[in-house]
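User: Could you take a close look at one part of this model for me, the largest cavity and the helices around it, and then follow the chain outward from there? I would like one connected account that I can read beside the structure.

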Amino acid sequence: MSILTLFVVIPALMLVGLWLARTHNQVRGVMVAGASAILLLSIWLTISFVGLRHAGHTEPMLFTYSIPWFKPLNIAYSVGVDGISVVMLLLSGIIVFTGTFASWQAMPQHKEYFLWFTLLSIGVFGFFISTDMFTMFMFYEVALIPMYLLIGVWGTGPKEYSAMKLTLMLMGGSALLILGILAIYFYSGATTMDVNEIAAMANIPAHVQNVFFPFVFIGFGVLGALFPFHTWSPDGHASAPTAVSMLHAGVLMKLGGYGCFRIAMYLMPAALDTWAPVFLVLTTISVVYGALSACVQTDLKYINAYSSVSHCGMVLFALLMMTQTAITGAILQMLSHGLMTALFFAVIGMIYHRAGTRDVRYLGGLMKVVPFLGVAYMVAGLANLGLPGFSGFVAEMSIFVGAFENADTFHRVATILACTSIVVTAVYILRVCGKILYQKVPNPEFLKLKDATWDERLAVAGLIFCVAGLGLAPFWAQDVIYEAVGPVIDHISHFATVATL
């Protein structure tokens, strides 16, 4: 059995522990023990993977394992990781750990809440370790289903509407996705659903790729906030409880970009000449529209939600640029955005828990009243706008440098338009920080607010450390990702060229 299976086994054991738990402290104990184990496992995996690469192991996937699961359809439980999936597992481990402490305070039906939260994490981890398309899709669905209850039961505001809208739109994307996956399997003539084996065969006819590429790209793109299928995202983010917002925006949305690259682009490269310009236009709109929409919001969660639409649009935008530097930047953006948006949602949830409002118009003077949370919000904002020294700067610079490697007018105009989002992001981040942190306290009752508790400080400090650490020392992640992206780019370029001859 591969060590990767522990990423599914540990959360499964957590589900059993939560089911047996009877008190709030027992629930806390199970979650802290399980989340800590997952975090340590993800750190160990990252260190081991980097060590094996430095030792000369050049296999595309490491820690591989496969066992037949459903032979009539050649479905297998196949797992393995490359540099891309390793950093996604590390990100997921960090967010699950910090999200656990962000949900430390007692809430109604806390046991059931953590059961669904843990089930969601099983889907996320299973998706990133899978190399079999059907197994990957199964874990993808496991990750989506708990969102309805987590938002609809434990959310705030119009939570039932937001939960239903999210579920319907993501399930619609899943319907397109399963059609595309089945088409890939049957038209490839493969005797397996393993992604790498299907890619090596390269048997899918070009006209079939042109038909089914948008099925898969849109299917995953819905989760990645692809315009105009993004409308579920702001409502879902705003209504979700704090830890769910952290996991949702920080990790779940990354499944969209990961799937677009790993399945749509990798397995159907001949369709890129036809469809890449179309989706590049849509992703450019996502980048600019998300940033402009954030400017006119007054709810802190909606501001960050529309900011996530812009930043996740940047991921898809960079993937479609089809240069190694840009795609490396896209993966770095997934990692960076996951950390900084989790930090944002954690701090916003803590502010809302104390002040009873997320409306910018009714907040002020937080740096004086709750200085720790004020500093944390400022750090999250500076990282979001791409200040050098934080993770956002490294990711965005890689994306735009890589995008400009395309010398044609179309790609460069799209890049220039996407770059305008940097200016817009600075506008709404600095405006909000100035208003809620430094202006006069609007309500005398706010002077009684207490700053972050020890558990909240642990979650926030951990995320700040990761955001700053990646910004100051991005080389290990960049090298691992760049090395993993290279063979995929070579494969896509080769078979896209062959298909056009």
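Analyst: What follows starts at the largest cavity and then moves to the helices, loops and single residues around the request.

The model is a predicted one, and every value below is computed from it. The structure holds 3 cavities of 30 Å³ or more, and about 50 Å³ of space lies in the largest of them. Its lining is made up of S310, H311, M314, N384, L385, E396, S421, I422 and T425. Two helices, α13 (300-321) and α18 (409-438), each supply at least two residues of that lining. In character, the lining residues divide into 3 nonpolar, 5 polar and 1 charged.

One lining residue, N384, leads on to a helix pair, since N384 in α16 also belongs to the set of residues through which α14 and α16 meet. Helix α14 spans residues 324-355 and helix α16 residues 371-384, and the two pack at an angle of about 150° with their axes 9 Å apart. Their crossing is left-handed. On the α14 side, the residues that take part are M340, L343, F344, V347, I348, M350, I351 and R354, and these meet L373, A376, Y377, V379, A380, G381, A383 and N384 on the α16 side. The residues of this contact divide into 13 nonpolar, 2 polar and 1 charged.

The other route out of the cavity follows α18, one of the helices that supply the lining. L437 is found in this helix, and because its relative accessibility is 2%, L437 counts as buried. Apart from residues up to four places away in sequence, L437 touches G365, L366, M367, G374, M378 and V432. V369 lies 68 residues from L437 in sequence, while the C-alpha atoms of the two are 9.1 Å apart in space.

V369 itself is found in helix α15, and its relative accessible area of 12% falls under the 20% limit, so V369 is buried as well. With residues up to four places away in sequence not counted, V369 touches V441, F446, L447 and L449. For F446, the separation along the chain is 77 residues, whereas the C-alpha atoms of V369 and F446 are separated by 7.2 Å.

Is R361, in the loop that leads from α14 to α15, buried or exposed? R361 is found in the loop between α14 and α15 (366-369), and because its relative accessibility is 51%, R361 counts as exposed. Once its neighbours within four places in sequence are left aside, R361 is in contact with T298 and K435. R361 and G471, which are 110 residues apart in sequence, have C-alpha atoms 32 Å apart in space.

The backbone also deserves attention in the loops. Most residues other than glycine have a negative phi, and most peptide bonds are trans. M322, in the loop between α13 and α14, has a positive phi of about 60° although it is not a glycine. With a relative accessible area of 22%, M322 is partly exposed.

A second residue of this kind is A225, which has a positive phi of about 65° and is likewise not a glycine. A225 is found in the loop between α8 and α9, and because its relative accessible area is 0%, A225 is buried. That loop, which runs between α8 (206-223) and α9 (232-239), also holds P228, and a cis peptide bond with omega of about 5° joins F227 and P228.

A last residue to look at is I84, which lies in helix α3 (residues 83-102). I84 counts as buried because its relative accessibility is 0%. Leaving aside its neighbours within four places in sequence, I84 is in contact with Y258, F261, R262, I331, A484 and V485. The residues in this list include I331, whose number falls within the span of α14, residues 324-355. I84 can also be placed relative to C312, from which it is 228 residues away along the chain, with 16 Å between the two C-alpha atoms.

Definitions and conventions: Residues are numbered from 1 along each chain as its sequence is written. This is a predicted model: local features need pLDDT of at least 70, side-chain atom pairs count only at pLDDT 80 or more; totals for chains, interfaces and linings use all residues. Side-chain values use heavy atoms; hydrogens and water are left out. Helices (H or I, at least four residues) and strands (E, at least two) are DSSP runs, numbered from the N terminus. Buried means under 20% relative accessible area, exposed over 50%, partly exposed in between (1.4 Å probe, protein chains only). Contact means heavy atoms within 4.5 Å. On a 1 Å grid over the protein atoms alone, a cavity is a set of points where a 1.4 Å probe fits but cannot get out, and a pocket is an open set with protein on both sides within 12 Å along at least five of seven lines; lining residues have an atom within 4 Å of a point. Grid points are joined across faces, edges and corners, and a volume is the space filled by probe spheres set on the points. Ala, Val, Leu, Ile, Met, Phe, Trp, Tyr, Cys and Pro count as nonpolar, Asp, Glu, Lys and Arg as charged, and the others, Gly among them, as polar. Axes are lines fitted to C-alpha atoms, for helices over the stretch in contact, and angles run from 0 to 180 degrees between N-to-C directions. A crossing is left-handed if the near helix is turned anticlockwise from the far one by less than a right angle, and right-handed if clockwise.
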